[in-house]
Amino acid sequence: MHTIPACPVCSSENTYPDESMIICPDCAHEWNPAEAASADSEERVVKDSNGNVLADGDCVTLIKDLKLKGSSTVLKVGSKSKPIRLVDGDHEIDCKIDNTSIMLKACFVKKA
């Protein structure tokens with residue numbers, strides 16, 4: 001017997017199939033279970049300013065001067081990082097530049 005999944009929004013068990021969609025009558029949420037499975041398996045891709053895909057362990061170079069917030073320190077253009085680590089959030093890159101541990105947005109770096 002084929003089981004129908006619970007609603008991902010309200011967790012209701014009262015869902016029913018309608019062609020390729022599954023519908024929840026309690027919250028009126030409709031979804032395609034095939035699309036939901038493929039969306040969960042997608043891995044986040046982080047690209048540098050030139051469109052190159054970044055991965056953990058890559059080294060990056062700054063493409064513009066960056067003033068560190070709350071500090072008088074300025075990271076100069078061309079500064080090279082030690083191997084980076086990709087993280088979730090607004091600032092995708094965690095690295096060390098000039099012995100300072102910082103988090104950067106990928107749009108301000110290029111792959112070295």
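**Figure 1. The hairpin of strands E10 and E11 in the predicted model.** Two residues lie between the strands of this hairpin, in which Asp98 adopts a positive phi near 55°. E10 and E11 are joined by five bridges and run antiparallel to each other. Within this pairing, Lys96 is found opposite Ser101 of E11.

**Figure 2. The open sheet that contains strands E9, E10 and E11.** The three strands are arranged in the order E9-E10-E11, and their pairing is antiparallel. Strand E9 (85-86) and strand E11 (100-104) occupy the edges; each has a single partner strand, so one side of each is left without a neighbour in the sheet. Two bridges connect E9 with strand E10 (residues 93-97), again in the antiparallel sense. Leu86 has Ile93 of E10 as its bridge partner. Strands of a sheet pair through backbone hydrogen bonds, in either a parallel or an antiparallel manner.

**Figure 3. The open sheet that contains strands E1, E2 and E3.** This sheet has three strands in the order E1-E2-E3, with antiparallel pairing. E1 and strand E3 (30-31) stand at its edges with a single partner strand each, so that one side of each lacks a neighbour in the sheet. Between E1 and strand E2 (residues 21-23) there are three bridges, and the two strands run antiparallel. Tyr16 has its bridge partner in E2, namely Ile23.

**Figure 4. Surroundings of Ser12, in the segment before strand E1 (16-18).** Ser12 has a relative accessibility of 9% and therefore counts as buried, the limit for that class being under 20%. The side chain of Ser12 forms a polar contact of 2.4 Å with the side chain of Asp26. A polar atom of the Ser12 side chain also lies 3.2 Å from the backbone nitrogen of Asn14. When neighbours within four places in sequence are left aside, the residues in contact with Ser12 are Ala6, Cys7, Cys24 and Asp26.

**Figure 5. Cysteine sulfur atoms of Cys7 and Cys59 and their closest cysteine counterparts.** A disulfide is a covalent bond between the sulfur atoms of two cysteines. A pair of cysteine sulfur atoms is counted as a disulfide when they are within 2.5 Å, and the count for this model is zero. For Cys7, the closest cysteine sulfur belongs to Cys27 at 3.6 Å, which is too far for a bond. Cys7 is buried, because its relative accessibility is 3%. For Cys59, the closest cysteine sulfur is in Cys95, at 9.4 Å, and this too is too far for a bond. Cys59 is partly exposed, with a relative accessible area of 25%.

**Figure 6. The protein chain as the setting for the close-up views.** The secondary structure consists of one helix and twelve strands, which follow one another along the sequence in the pattern β-β-β-α-β-β-β-β-β-β-β-β-β. The radius of gyration is 22 Å, well over the 13 Å given by the globule rule for 112 residues, so the protein chain is more spread out than a compact globule. Along the principal axes, the C-alpha atoms fill a box of roughly 60 × 30 × 20 Å. Of the 112 residues, 28% count as buried. The exposed area is about 7,700 Å², of which carbon and sulfur atoms supply 49%. Among contacts between residues at least 6 apart in sequence, 36% join residues at least 24 apart.

Technical notes
Residues numbered from 1 in each chain as written. Predicted model: local features only at pLDDT ≥ 70, side-chain atom pairs only at ≥ 80, totals over all residues. Heavy atoms only, no water. Helix = DSSP H or I, 4+ residues; strand = E, 2+ residues; numbered from the N terminus. Buried < 20%, exposed > 50% of the residue type's maximum accessible area, 1.4 Å probe, protein only. Polar contact = N/O pair within 3.5 Å; in protein donor to acceptor, adjacent residues only side chain to side chain. Contact = heavy atoms within 4.5 Å. Pairing = 2+ DSSP bridges. Rg over C-alpha atoms; globule rule 2.2 N^0.38 Å. Areas by Shrake-Rupley, 256 points an atom, 1.4 Å probe, with all protein chains shown as cover.
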